[in-house]
Amino acid sequence: MAPVAYSDLQKSAHDLLNKDFYHQSTAAVDVKTIAPNGVSFTVKGKTAKDDSIAASVEAKYVDKPTGLTLTQSWNNANVLGTKIELSELLTPGLKGELDTSVVPNGARSAKLNFFYQQSAVNSRLFFDLLKGPIATADLVVAHDGFTAGAELGYDIASAKVNKYSLGVGYGTFNYALAATASSNLTVFNAAYYHKVSPLVEVGAKTTWDSVKSNKVNVEFATKYALDTSAFVKAKIADSGLTALSYSQELRPGVKLGLGASFDALKLAEPVHKLGFSLSFTA
């Protein structure tokens, strides 16, 4: 089994700290369906911070015999996105991807990406064809639960390295530790995740930006499974932000999420948030 990608070195802790906290949008709805010919459709909508609504429609077709995946999306900002993926490109473990987006009479982007995975290696190469062009590469190697990785960004037009970072980690089936130094080795993160029991998970993350401050920011989160269809989550940060969430599978394919956040340092001010999410899958 290949190691995780460089951006996922802290994935277990990151998901525990950030996923399923429904206060981040006042309301969010997503509907997923699969047609008889295998084409999947996803419709999403959510409220943004400025009370506007962000909505999108996506269609995805996977042709397993050829390894071809085609994804087409359109959102209410009038951005048309197309992604073409081809697995097992030239050699086993290599995947190619062309990801484009177009705003009629507006901005455009085109990215050519390559992914290569083997039992002890996970490497990626991203080309932003219209910006720079800029190339970003990362590599992770693993051995006996230990992982080490690096990321490098290169501006082809100016022939200069524009970013670099390093990361290390260690994980087993029920806990994981990881540390990264990003933004040209100026921002340091350390995270841990522990599945204490089949019902309880805990995790924490610390961040220090050596350029902006001497202060270390700390977040802690926990998740408790009430049963196979419901769970509750809570997190607290040293900034005073406290968030709670509840998720319940109402029936197969229907999931309800409720969330709230409170600023413990500003309890008398109107900065607290409530939100909900509905997800349908058919």
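Here are some worked exercises on salt bridges, strand pairing and nonpolar clusters in this predicted model.

**Exercise 1. A salt bridge within a helix**

Find the partner of Asp-15 in a salt bridge, and work out how far apart the two residues are in helix H1.

*Solution.* Start with the side chains: Asp-15 meets Lys-11 in a salt bridge, with 3.0 Å from N to O. That distance satisfies the cut-off, because a salt bridge needs a Lys or Arg side-chain nitrogen within 4 Å of a carboxyl oxygen of Asp or Glu. Next, place the pair in the chain. Helix H1 covers residues 11–18, and Asp-15 and Lys-11 are 4 residues apart in it, which means a separation of about one helical turn. Last, check the surroundings of Lys-11: its relative accessible area is 39%, so Lys-11 counts as partly exposed. This bridge belongs to a set of 5 salt bridges found in the whole structure.

**Exercise 2. Two salt bridges between strands**

Compare the Asp-138 and Glu-151 salt bridges by partner, distance and location.

*Solution.* Take Asp-138 to begin with. Its partner is Arg-124, and the closest N and O atoms lie 2.7 Å apart. Asp-138 sits in strand E9 (residues 134–143) and Arg-124 in strand E8 (residues 121–128), so this pair links distant parts of the chain, 14 residues apart. Both Asp-138 and Arg-124 are buried.

Now turn to Glu-151, which bridges to Lys-163 with 3.9 Å between the closest N and O atoms. Glu-151 is in strand E10 (residues 146–155) and Lys-163 in strand E11 (residues 160–171), so the bridge ties together parts 12 residues apart in sequence. With a relative accessibility of 33%, Lys-163 is partly exposed.

**Exercise 3. Following the strands from E8 to E10**

Work out how E8 pairs with E9, how E9 pairs with E10, and what the turns look like.

*Solution.* Step one is the E8 and E9 pair: these strands run antiparallel and are joined by 8 bridges. Asp-128 gives a handy landmark, as it stands opposite Ile-134 in E9. The two strands form a hairpin with 5 residues between them, and Gly-132 in the turn has a positive phi of about 110 degrees.

Step two is the E9 and E10 pair, also antiparallel, with 10 bridges. Here Thr-136 stands opposite Gly-153 in E10. This hairpin has 2 residues between its strands, and Asp-144 in the turn has a positive phi of about 55 degrees.

**Exercise 4. A core and a surface patch**

Identify the residues of the largest nonpolar core, then those of the nonpolar patch on the surface.

*Solution.* The largest nonpolar core has 6 residues: Ala-13, Leu-16, Leu-17, Ala-191, Tyr-193 and Ala-221. Two elements, H1 and strand E13 (187–195), each give two or more residues to this core, and H1 supplies the largest share, 3 residues. To see one member's surroundings, look at Ala-221. Leaving aside residues up to four places away in sequence, its contacts include Leu-16, Leu-17, Val-202 and Ala-234.

Now move to the surface. Tyr-61, Leu-68, Leu-70, Ile-84, Leu-86, Leu-98, Leu-129 and Leu-130 form a nonpolar patch, together having about 630 Å² of accessible area. Strands E4 (68–75) and E5 (80–86) are the elements that give two or more residues to the patch. Leu-129, another patch member, lies in the loop between E8 and E9. Its relative accessible area is 40%, so Leu-129 counts as partly exposed.

Terms used:
Residues numbered from 1 in each chain as written. Predicted model: local features only at pLDDT ≥ 70, side-chain atom pairs only at ≥ 80, totals over all residues. Heavy atoms only, no water. Buried < 20%, exposed > 50% of the residue type's maximum accessible area, 1.4 Å probe, protein only. Pairing = 2+ DSSP bridges. Core = buried A, V, L, I, M, F, W, Y, C linked by side-chain atoms within 4.5 Å. Contact = heavy atoms within 4.5 Å. Patch = residues over 30% accessible without salt bridge, like charges linked within 9 Å, V, L, I, M, F, W, Y side chains within 5 Å. Areas by Shrake-Rupley, 256 points an atom, 1.4 Å probe, with all protein chains shown as cover.
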